[in-house]
Amino acid sequence: MTTKNIALRRSFLFVPGVNSKAVEKTKSLPADCIIFDLEDAVAPDAKNAARGTVVDAIAGGGYGSRQLIIRTNAINSEWFENDIKAAIATNCAAILVPKISSKADLEEVDCFIKINNGGKSVALWAMIETPMAIINIAQICSAAETLPLQGIILGLNDMAKDTGAKLDANRAAFHYAMAAAVNAASAYGIAAIDAVFNDIANADGFAKQSVQARDFGFDGKCVIHPTQIAPCNQIFSPSPSEIEAARAIVAAFSDPANFGKAVINVNGQMAELLHLEMAKKLLVTAETIQKML
Ligand code: COA
Ligand code: MG
């Protein structure tokens, strides 16, 4: 099967825009997406310097197939307008806006971009990290019907700060928000990306949380350190046994003996046409990953 590559969205590496050494290092790191941060990871008096570093880094190129995303400061901050103007002047793949709490927030961002970009929109991602964003999660994702909203990214550090809910390894207090985010994103056909894992030295904890995120239905996870990238990519990639099972489903439905059937038995498992569709999708992802190796 030869297919068009899809955009991989397994690992989203945050890098503080102000840390030029780390920004440079991202060119050699295997993250699918790089998020150049101008917000939380940059102190107020370093905002202008960080913006300059990020603009220069993107202009300098050398990022290969990595998708480059700029996280601006929040809409109501003093830096937002300059962040947006700088971002649209780069050839970044998308702009990530923090603390989106309603569809109107995204419309405001798009409107400001159009005013400064000859009437053209730019691909957007929204950070879902306020209690109000979870209340409004369906209408926020519905913005994808009219705006180039590619996906949402969960921000649980901010959510824990605002709600007082405990952000422990299992994240029980956030299962509602996690499921709501995945469900709303799925309903509107956009991606949902899980939050960061702060405990950098805890590789086992990171792996467990990534498996949990994958099983909740997230497309990928945010990472904050180079050591988190490879395990994240692996966990969000189809496993050899999943690839084998998918191939078996495709082969079984292609067998003339099963022509016209909507449900068949594949190695003892019921397979319907929806499983065929899922199997084909999984194989396209696997093939895209294979081509990158
Ligand atoms: N992106 C790219 N490179 C990174 C990186 C990142 N997010 N985090 C660390 N590195 C690099 C370091 O520059 C260092 O490079 P070197 O070996 O070439 O010198 C190497 O990885 C090892 O870094 P380390 O010393 O283990 O990290 P640290 O203790 O200095 O920094 C953090 C820890 C958390 C401050 C840092 O990883 C970081 O800034 N992460 C991103 C934070 C962020 O953006 N937060 C906002 C969203 S939540
Ligand atoms: Mg934040």
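**Exercise 1. The shell of ligand 1**

How do the residues of the shell around ligand 1 divide into nonpolar, polar and charged? Determine also where the polar contacts of ligand 1 lie.

*Solution.* The structure is a predicted model, in which local features need pLDDT of at least 70 and side-chain atom pairs count only at pLDDT 80 or more, while totals for chains, interfaces and linings use all residues. Residues are numbered from 1 along each chain as its sequence is written, chains are lettered from A and ligands numbered from 1 in the order in which they are written, and side-chain values use heavy atoms, with hydrogens and water left out.

Step 1. The shell comprises 11 nonpolar, two polar and four charged residues. Here Ala, Val, Leu, Ile, Met, Phe, Trp, Tyr, Cys and Pro count as nonpolar, Asp, Glu, Lys and Arg as charged, and the others, Gly among them, as polar.

Step 2. In total, 17 residues surround ligand 1, and the closest are Phe14, Lys21, Lys25, Ile224 and His225. A residue is near a molecule if one of its heavy atoms lies within 4 Å of it.

Step 3. Polar contacts are pairs of N or O atoms within 3.5 Å; within protein, one must be able to donate a hydrogen and the other to accept it, and residues adjacent in sequence count only if both atoms are side-chain atoms. A polar backbone atom of Phe14 lies 2.8 Å from a nitrogen atom of the ligand. Oxygen atoms of ligand 1 are found 3.1 Å from an N or O atom in the side chain of Lys25 and 2.7 Å from a polar side-chain atom of His225.

Step 4. On its own, ligand 1 has 890 Å² of accessible area, of which the protein covers 59%. Accessible areas come from the Shrake-Rupley method with a 1.4 Å probe; for residues, only the protein chains shown count as cover.

Step 5. Strand 1 (11-16) and helix 1 (20-25) are the elements that give two or more residues to this shell. The largest share, four residues, comes from strand 1. Helices (H or I, at least four residues) and strands (E, at least two) are DSSP runs, numbered from the N terminus.

**Exercise 2. The magnesium ion and strand 2**

Which residues are the protein donors of the magnesium ion? Establish the setting of strand 2 as well.

*Solution.* Step 1. Asp40 (OD) and Asp158 (OD) are the protein donors of the ion, ligand 2, lying 1.9 Å from it. Donors are N, O and S atoms within 2.8 Å of the metal (3.2 Å for Na, K and Ca); water is not among the atoms, so sites may look incomplete.

Step 2. The two residues are 118 residues apart: Asp40 is in the loop between strand 2 (33-37) and helix 2 (47-60), and Asp158 is in helix 7 (residues 156-163).

Step 3. Asp158 is buried at 13% relative accessible area. Buried means under 20%, exposed over 50%, and partly exposed in between (1.4 Å probe, protein chains only).

Step 4. Strand 2 has both faces covered, with Cys33, Ile35 and Asp37 buried on one side and Ile34 and Phe36 on the other.

Step 5. Strand 2 pairs with strand 1 in the parallel sense over five bridges; pairing requires that DSSP finds at least two bridges. Ile35 is the bridge partner of Phe14.

**Exercise 3. Two positive phi values**

Is Asn267 buried or exposed? Contrast its setting with that of Arg171.

*Solution.* Step 1. Asn267 is exposed, at 70% relative accessible area. Its phi is positive, about 50°, although Asn267 is not a glycine.

Step 2. Asn267 lies in the turn of a hairpin formed by strand 9 and strand 10, with two residues between them. These strands pair in the antiparallel sense over four bridges.

Step 3. Arg171, in the loop between helix 7 and helix 8 (175-187), has a positive phi near 60°. Arg171 is buried, with a relative accessible area of 1%.
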